[in-house]
There are 2 protein chains.
Amino acid sequence: MPKIGMEPLRREALINAAISAIAEKGTLAVTMADIARRADVSSALAHHYFGSKEDLLAATMRHLLSELGADARAAVSGKSGMARLSALIHVNFSPKQFQPETVAAWLAFYVEAQRAPALRRLLRVYTRRLHTNLLVALEPLMSRLQAERTARGIGALIDGLYIRHALAEGPSDADTAIALVEDYLSLQLSRKEGAR
Amino acid sequence: MPKIGMEPLRREALINAAISAIAEKGTLAVTMADIARRADVSSALAHHYFGSKEDLLAATMRHLLSELGADARAAVSGKSGMARLSALIHVNFSPKQFQPETVAAWLAFYVEAQRAPALRRLLRVYTRRLHTNLLVALEPLMSRLQAERTARGIGALIDGLYIRHALAEGPSDADTAIALVEDYLSLQLSRKEGAR
DNA sequence: TTTTATTGATTGACCAGTCAATCAACCCTA
DNA sequence: TAGGGTTGATTGACTGGTCAATCAATAAAA
């Protein structure tokens, strides 16, 4: 039990505790005491390292965001065309990202982001990144206009499936979700151009 | 200024005030005092009529739900086939239902429903109703399996577009959303059966 | 000894829910 | 038609509890 260099360990533990607490309560309205308890420290320590609840939550969201970003980067690296598109879709439903805990936390942040400018900006980063990635991958395969629409459709579809996943009673499975999105993608790809 | 028979008026005012407060704060964590102030009554009166905050919020969600149900019933009445499907899609994006205020409130309820069994049950009613309505309208037009998938896709698409609407900065418009969903529907309808 | 880690105790704000007390309408009946 | 009683409407003030944030104190490492 080292007593030195605890900061990074505590920060990580507190962020994970925050995700778990948020997922369990289904809202950002969890207490610092609850989060701290899950990380096996006092609430005072949580304040010591993060300054305020708002800062801890922002750090938690940033953590979620950067994990997803890293996963996405790893998934598409070296791929192009359809393989890249498919990989892009798959990350969002990978066991790690589609974990009920993670999805519930995402959803809570989504909602809170409406009125919290800091969270809102963070969320926009994710939305834009996904959209851009999709667009770049789609543009060689269809018209710009159709690519734009398809990217928007896939984005909305993913968000919708996340919500439904968070609310599902039984174990809604990732494969079905992936199949739904890929089906949408393949329909767009097979569309007769000009069939406006 | 009648002093009698105020109950229905107050209940309605309080429910509307709740919607407005929830939409503005973006969460169900609004105070009874805030809601009551918006309805121009004391918080004590809100408790008098609704018993508890939880009851007021449940009543508010029921109100949202029944409004949407009524709109949907009116929209599809007398229609069948494609017209019925189109009408079903359109209600969700009608000016009344797609109002930022309404959408934000819906979203807040969605999230809170994760851990509030009462709200969860209410929400399930809506989800099932939409799904069933879509399914019934789709089945004459395609295979059962494809109808199932298409209904799920439309539902997820609508949810996703709602989220994005709630978070949009500028005035994201309903027509684009409708076009996106109808495009998805028309792609599913024009699919070559057996092209599994 | 200085710095880092850590906590229990405390503070100040906020909030749901309760209650006793007013006020206004309506309903008798003499 | 003038009271007197009843009931619904309404509120201000209060209570018990919760929570974020602060702080002073302790312990251990450097």
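Which helices of chain A and chain B each supply at least two residues of the surface near DNA strand C? The legends below start there; please keep in mind that this is a predicted model.

**View 1. Helices of both chains line DNA strand C.** From chain A, helix H1 (7-25) and helix H3 (43-50) each supply at least two residues of the surface near the strand. Chain B joins in with helix H2 (32-38), helix H3 (43-50) and helix H4 (53-76), each again supplying at least two residues.

**View 2. The residues around DNA strand C.** In this close-up, 22 residues surround the strand. The closest are A:Ser42 and A:Ala44 from chain A, with B:Thr31, B:Ser52 and B:Lys53 from chain B. Sorted by class, this surface holds nine nonpolar, seven polar and six charged residues.

**View 3. The rotation axis between chain A and chain B.** Turning chain A by 180°, with 0.0 Å of shift along the axis, superposes chain A on chain B with an RMSD of 0.0 Å. The two copies are therefore related as by a two-fold rotation axis. To find the axis from chain A, look for A:Gly160: of the residues of this chain, its C-alpha comes closest, at 2.0 Å.

**View 4. Where chain A touches chain B.** Each chain brings 32 residues to the contact. On the side of chain A, helix H6 (100-112), helix H8 (144-167) and helix H9 (174-189) are the elements that give two or more residues. H8(A) provides the largest share, 13 residues. By class, the side of chain A that touches chain B divides into 18 nonpolar, five polar and nine charged residues. Because 100% of the interface residues of chain A are also interface residues in chain B, the copies meet through the same surface.

Technical notes. Residues numbered from 1 in each chain as written. Chains lettered and ligands numbered in written order. Predicted model: local features only at pLDDT ≥ 70, side-chain atom pairs only at ≥ 80, totals over all residues. Near = placed C-beta within 6 Å. Helix = DSSP H or I, 4+ residues; strand = E, 2+ residues; numbered from the N terminus. Nonpolar A, V, L, I, M, F, W, Y, C, P; charged D, E, K, R; others polar. Least-squares fit on C-alpha atoms with pLDDT ≥ 70 in both. Contact = placed C-beta atoms within 7 Å.
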